[in-house]
Amino acid sequence: MRWPAFRRRVIIVILLALLLDQAVKFAVEMWLPFQEAVHVVPMLALYRTYNYGVAFSMLSGLEGWLIVTLRLFVVAFVAWLWRQTPKE
């Protein structure tokens with residue numbers, strides 16, 4: 001498989017995952033009641049709640065722009081590592 005074709009497929013998979021993630025979040029906001037259990041099967045219930053921090057509120061005291069900046073640095077670092085990986 002050629003590298004550009006592989007990269008295109010990876011980008012398409014990532015975009016589809018992002019779209020699915022946003023669709024599920026929208027569905028939860030629209031139809032799942034807040035802080036009420038919705039039983040799906042006898043051993044599984046869905047429960048809508050919110051986590052206002054990052055990683056179980058470890059960074060909840062930080063400003064929003066700082067968290068976004070940290071995320072951008074992480075994404076840039078991972079992209080840099082990906083580009084440094086030898087191509088086979």
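## Arg48 and its surroundings

The side chains of Arg48 and Tyr50 are joined by a polar contact of 3.4 Å. The structure in which this contact appears is a predicted model, and the values given below are computed from it.

Arg48 sits in the loop that runs between strand E2, residues 44-47, and helix H2, residues 64-84. A second polar atom pair involves the backbone, since a polar atom of the Arg48 side chain lies 2.6 Å from the backbone oxygen of Leu32. When residues up to four places away in sequence are set aside, Arg48 touches Val28, Glu29, Leu32, Pro33, Phe34 and Gln35.

Which side chain of opposite charge is nearest to Arg48? It is Glu29, at a distance of 4.1 Å, and Arg48, although buried, has no salt bridge. A salt bridge requires a side-chain nitrogen of Lys or Arg within 4 Å of a carboxyl oxygen of Asp or Glu, and the 4.1 Å between Arg48 and Glu29 therefore does not meet that cut-off.

### The chain as a whole

The protein chain contains 2 helices and 2 strands, and, read from the N terminus, its elements follow the order α-β-β-α. Of its 88 residues, 6% count as buried, and Arg48 is one of the buried residues. The accessible surface of the chain amounts to about 8,300 Å², and 71% of that surface belongs to carbon and sulfur atoms. If one considers contacts between residues at least 6 apart in sequence, 15% of them join residues at least 24 apart.

### The two strands

Strand E1, which covers residues 37-41, pairs with E2 in the antiparallel sense over 4 bridges. The two strands form a hairpin, with 2 residues lying between them, and Val41 has Leu44 in E2 as its bridge partner. His39 also belongs to strand E1, and, apart from its neighbours within four places in sequence, His39 is in contact with Leu44 and Ala45. Is His39 buried or exposed? Its relative accessible area is 63%, so His39 counts as exposed.

### The salt bridge and the loop after H1

How many salt bridges does the structure hold? There is 1, and in it the side chains of Lys25 and Asp21 meet at 3.2 Å, taken from N to O. Because Lys25 and Asp21 are 4 residues apart in helix H1, which spans residues 3-31, about one helical turn separates them. In general, side chains of opposite charge can pair when their charged atoms come close.

Gln35 is placed in the loop between H1 and E1, and Gln35 is among the residues that Arg48 touches. Although Gln35 is not a glycine, its phi is positive, at about 55 degrees.

The table below gathers the relative accessibility of residues discussed in this report.

| Residue | Relative accessibility | Class |
|---|---|---|
| Asp21 | 31% | partly exposed |
| Lys25 | 47% | partly exposed |
| Gln35 | 44% | partly exposed |
| His39 | 63% | exposed |

Both partners of the salt bridge, Lys25 and Asp21, are thus partly exposed, Lys25 at 47% and Asp21 at 31%, whereas Arg48 is buried and has no salt bridge.

Note on methods. Residues are numbered from 1 along each chain as its sequence is written. This is a predicted model: local features need pLDDT of at least 70, side-chain atom pairs count only at pLDDT 80 or more; totals for chains, interfaces and linings use all residues. Side-chain values use heavy atoms; hydrogens and water are left out. Buried means under 20% relative accessible area, exposed over 50%, partly exposed in between (1.4 Å probe, protein chains only). Lys and Arg count as positive and Asp and Glu as negative; His and the chain ends are not counted. A polar contact is a pair of N or O atoms within 3.5 Å; within protein, one must be able to donate a hydrogen and the other to accept it, and residues adjacent in sequence count only if both atoms are side-chain atoms. Contact means heavy atoms within 4.5 Å. Two strands pair if DSSP finds at least two bridges between them. Accessible areas come from the Shrake-Rupley method with a 1.4 Å probe; for residues, only the protein chains shown count as cover.
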